[in-house]
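Student: I have a chain to read and do not know where to start. Could we take it one feature at a time?

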Amino acid sequence: MKRLLSLTLILALTLCTLTACSSGGETPKEKGLTDGYWVVESMVMEGTEFSGEDMTGIFGPAESILSMAFTEDGSFDAVLFEDFLKGSYTGTPDALSIDFAGEQVTGVAADATLTLTLADGSFVLKQQEQRPAIFDQNAWVTYRPTFTDAETCAMSSFMAFGQYLVEDNVLYGLTHSASLSGGLAAMPFRMKGDFPEFEESALLDGGGLACYLCKDGDTLYYIQNYERICRVKTDGSGREVLYEGPCDYLQLHEGRLWFTNADYHFVSTDLEGKGLVTVVDKEIYYPYFICSDWLVFQDDADDESLHLYNTTHGVETNITYMPAYNPVLVGSHLYFTDLSEDGYHLCRVDMSDPDTFLFDRSDLPLQEAHFMVDEGFFYGLNNKSVAKEDWQKLTDVGAPIEEVEMYLSLEYNVH
């Protein structure tokens, strides 16, 4: 028995060595559900099977009949007969449950083949590495509106004109030093308990009010006096004017500068202020990117309602059908204020499903449209605040305005 086991072991090792040599190393790992793209190979509809040229000759290219791309977070993007869909799935590759266009579909994935079974038919899809070209025609592939706490703070501070920025124990913004005449300054500080102790401020640009501060490495970008876009190094050197003319709402996004011009049309340049292009050719306010190429803004001509816009494909849709101000994305909910006879009211829409945009509204009024959000709280005027889960309880009416939040981050706030 010992000799037989030894011979068997030697044989097994020899086979393993030969396999490794013939494959150039380890045996290739079978690709999983999310490792590629799935394109239909054949289908059964109302009892009739279609495949090959018979299928594509009637219904068009295979990738426009049905293509799917699964993600590890339990969602997928799909094209079904040229319609773009999003959905979710649960289970394991050999026992999938898929919410497909409102219908529950079962699926089994094995050996680079995915079989979907519907109530009145089925699809067989093959996995491929190449991304189907039709996905690039789908604006909604990039639509994943979920902000982290830090992203929420950044958007909230932007809606407060972006006049301050804190990084590496330096406060950048309007100087508070009596020895300086006012302008953009760098103000180092250190914390003593819960309170900051400021060191000597360094004036970076004394040309006036700087707002919509953006920082990229050791360079600050900003709008000065709403008249020009400038940049300067954090040590005060290398100040340049990148754009001359009335401007507002500056955002640094994916290596470009985005802002509104004198007509409040949304435009963009590179980081040198070159290559100006018009992105949204109408009057808009509060423009802010919530995904790679998805923008939220207030459309002035459409009763000041909020719109969602894709800068790649030009796809546009309404979020609200009423005036809305100061939008801030928290998780997957977009919060904003509307205006009634008794004041402003805090509202929100669920951005995760653009087909419905489910809406909630607080019954309690706010004195102004201004509010801010950090990781745990909603803030109104005079430092009134409520926990995030109690957002509908925020109210600040009845007292003179004495204190306004101007900047929030996960560690600091300026008011």
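**Reading the chain**

Tutor: Start with one residue and its contacts: leaving out residues up to four places away in sequence, N138 touches F84 and H313. Keep in mind that this is a predicted model.

Student: Where does N138 lie?

Tutor: N138 is in the loop between β9 (121-128) and α4 (149-159).

Student: Is N138 buried or exposed?

Tutor: The general idea is to compare the relative accessible area with a cut-off, and buried means under 20%. N138 has a relative accessibility of 4%, so it counts as buried.

Student: How many helices and strands are there in the chain?

Tutor: The chain has four helices and 35 strands. Its radius of gyration is 28 Å, well over the 22 Å that the globule rule gives for 415 residues, so the chain is more spread out than a compact globule.

Student: What does the C-alpha trace span along its principal axes?

Tutor: The span of the C-alpha trace is about 90 × 60 × 45 Å.

Student: What share of the residues count as buried?

Tutor: Of the 415 residues, 46% count as buried. The chain exposes about 20,900 Å², and carbon and sulfur atoms supply 51% of that area.

Student: How should I read contacts between residues that are apart in sequence?

Tutor: Look at the separation along the chain. Among contacts with a separation of 6 or more, 40% are between residues 24 or more positions apart. For a single case, take D218, in the loop between β15 (210-216) and β16 (219-224).

Student: Which residues is D218 in contact with, leaving aside its neighbours within four places in sequence?

Tutor: D218 is in contact with V232, K233 and T234. D218 and T234 are 16 residues apart along the chain, and their C-alpha atoms are separated by 5.5 Å. D218 is partly exposed, with a relative accessible area of 40%.

Student: What separates the C-alpha atoms of L339 and G273?

Tutor: Those two C-alpha atoms are separated by 37 Å, and the residues are 66 apart along the chain. L339 lies in strand β28 (residues 333-340) and is partly exposed at 49% relative accessible area. Not counting residues up to four places away in sequence, L339 touches Y325 and Y344.

Student: How do I read the charges?

Tutor: Side chains of opposite charge can pair when their charged atoms come close. The chain has 23 positive and 68 negative charges, and the mean positions of the two groups are 9 Å apart.

Student: How many salt bridges does the count come to?

Tutor: The count comes to 18 salt bridges. The rule asks for a side-chain nitrogen of Lys or Arg within 4 Å of a carboxyl oxygen of Asp or Glu. K393 and D390 meet that rule, with their closest N and O atoms 3.9 Å apart. K393 is exposed at 54% relative accessible area, while D390 is partly exposed at 27%.

Student: Which residue forms a salt bridge with R348?

Tutor: D360 does, and the closest N and O atoms are 3.4 Å apart. This pair links distant parts of the chain: D360 is in strand β30 (residues 359-366) and R348 in strand β29 (residues 343-350), twelve residues apart. D360 is partly exposed at 32% relative accessibility, whereas R348 counts as buried at 19%.

Student: What about E227 and R228?

Tutor: Their side chains meet in a salt bridge, at 3.3 Å from N to O. E227 is partly exposed, with a relative accessible area of 39%, and R228 counts as buried at 17%. Elsewhere, D77, K86 and R144 are linked in a network of salt bridges.

Student: What should I look for in the backbone?

Tutor: Look at the sign of phi, since most residues other than glycine have a negative phi. Y286 has a positive phi, near 55 degrees.

Student: Where is the place of Y286?

Tutor: Y286 is in strand β23 (residues 284-289), and it is buried with a relative accessible area of 17%. F357 also has a positive phi, near 45 degrees. F357 lies in the loop between β29 and β30 and counts as buried at 9% relative accessibility.

Key. Residues are numbered from 1 along each chain as its sequence is written. This is a predicted model: local features need pLDDT of at least 70, side-chain atom pairs count only at pLDDT 80 or more; totals for chains, interfaces and linings use all residues. Side-chain values use heavy atoms; hydrogens and water are left out. Helices (H or I, at least four residues) and strands (E, at least two) are DSSP runs, numbered from the N terminus. The radius of gyration is taken over C-alpha atoms; the globule rule is 2.2 Å times the number of residues to the power 0.38. Buried means under 20% relative accessible area, exposed over 50%, partly exposed in between (1.4 Å probe, protein chains only). Contact means heavy atoms within 4.5 Å. Accessible areas come from the Shrake-Rupley method with a 1.4 Å probe; for residues, only the protein chains shown count as cover. Lys and Arg count as positive and Asp and Glu as negative; His and the chain ends are not counted. The place of a charge is taken as NZ of Lys, CZ of Arg, CG of Asp or CD of Glu.
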